[in-house]
Amino acid sequence: MYSRAYGGRELNFEASGGLINASLVMQDRETSSYWPLMSGKSLAGEYEGTPLEELPTGEKVRWREWKAAHPDTLVLSVNGRQHAGDAYASYWTDPDGFSGFTAEDDRLETKTPIYAFRSGDVSYAVELAKVSGGHSFDADGKQIFLYRKPNDPLFASTAAYMTSGAGFVERDGIWVHVDSGATFDDASGEFTGAAPGEIERLPGFDTFWYNWSLTNPDTELLE
């Protein structure tokens, strides 16, 4: 998720109709600048070269789960149209990417599910399978914590946090932020007991290896 505020303006984004390396390119109506989702900055237009400001607030859940938590939710639809079945069923099972795209970086298979993020000028990625039940990493001097439930479906959001200091450790099956003693609640996907600013959400993407690596070829893999 990205901010709409740039240069004192609030921009309105829409799909440009174009793709780069099989990933969506957005366009804002105010300046006609182009914003590839996987590159981190505007490609062309008035804001060419402007970094995207990531907001760590996106959440992917099933409709039934969202509806149970937010029963008054309104649904934005186009003429009430509904798709029958899973329109992406063949995409999930195909080992190649969209329109036959494949990863050029063979450290991972093309459709390996990953969590990817940037820290400073460095791009990172980690296989989703490696953060099942939680895992901590050091990236660019920052302590990173990534968590997925063991049975999470592919589309579920990865809980991602960062901190300075001693980082995160697992004690008796519970993940703990060492400096504050805050504990991670796997049901809510949040830490409880930390002071504001001690633990921050880490912006990033749940995506496939080819989507990320084709645009970010210098990505470091976290192990």
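A nonpolar patch lies on the surface of this predicted model, formed by Val-61, Trp-63, Trp-66 and Val-75, which together have about 380 Å² of accessible area. Such patches are made of residues with over 30% relative accessible area and no salt bridge, nonpolar side chains (Val, Leu, Ile, Met, Phe, Trp, Tyr) being joined within 5 Å and like charges within 9 Å. A salt bridge is taken as a side-chain nitrogen of Lys or Arg within 4 Å of a carboxyl oxygen of Asp or Glu, and accessible areas come from the Shrake-Rupley method with a 1.4 Å probe, only the protein chains shown counting as cover for residues. Within the patch, Trp-63 belongs to helix α1 (residues 63-69), and because its relative accessibility is 47%, Trp-63 counts as partly exposed, a class between buried (under 20%) and exposed (over 50%).

Helices (H or I, at least four residues) and strands (E, at least two) are DSSP runs numbered from the N terminus, and two strands are regarded as paired if DSSP finds at least two bridges between them. An open sheet of 4 strands follows the order β16-β6-β7-β17 with mixed pairing, and its edge strands, β16 (205-208) and β17, each pair on one side only. Strands β6 (residues 113-119) and β7 (residues 122-127) are antiparallel and share 6 bridges, with Arg-118 having Ser-123 of β7 as its bridge partner. The hairpin of β6 and β7 has 2 residues between the strands, and Gly-120 in this hairpin adopts a positive phi near 65°. By contrast, β7 and β17 (residues 220-221) run parallel and are joined by 2 bridges, Ala-125 standing opposite Leu-221 of β17.

A further open sheet, with antiparallel pairing, comprises 4 strands in the order β8-β9-β10-β15. Because β8 (135-139) and β15 (200-201) each have a single partner strand, one side of each of these edge strands is left without a neighbour in the sheet. Strands β9 (residues 142-147) and β10 (residues 159-163) pair in the antiparallel sense over 5 bridges, and Leu-146 lies opposite Ala-160 in β10.

Local features need pLDDT of at least 70 and side-chain atom pairs count only at pLDDT 80 or more, whereas totals for chains, interfaces and linings use all residues. Residues are numbered from 1 along each chain as its sequence is written, and side-chain values use heavy atoms, with hydrogens and water left out.

Conventions. Buried < 20%, exposed > 50% of the residue type's maximum accessible area, 1.4 Å probe, protein only.
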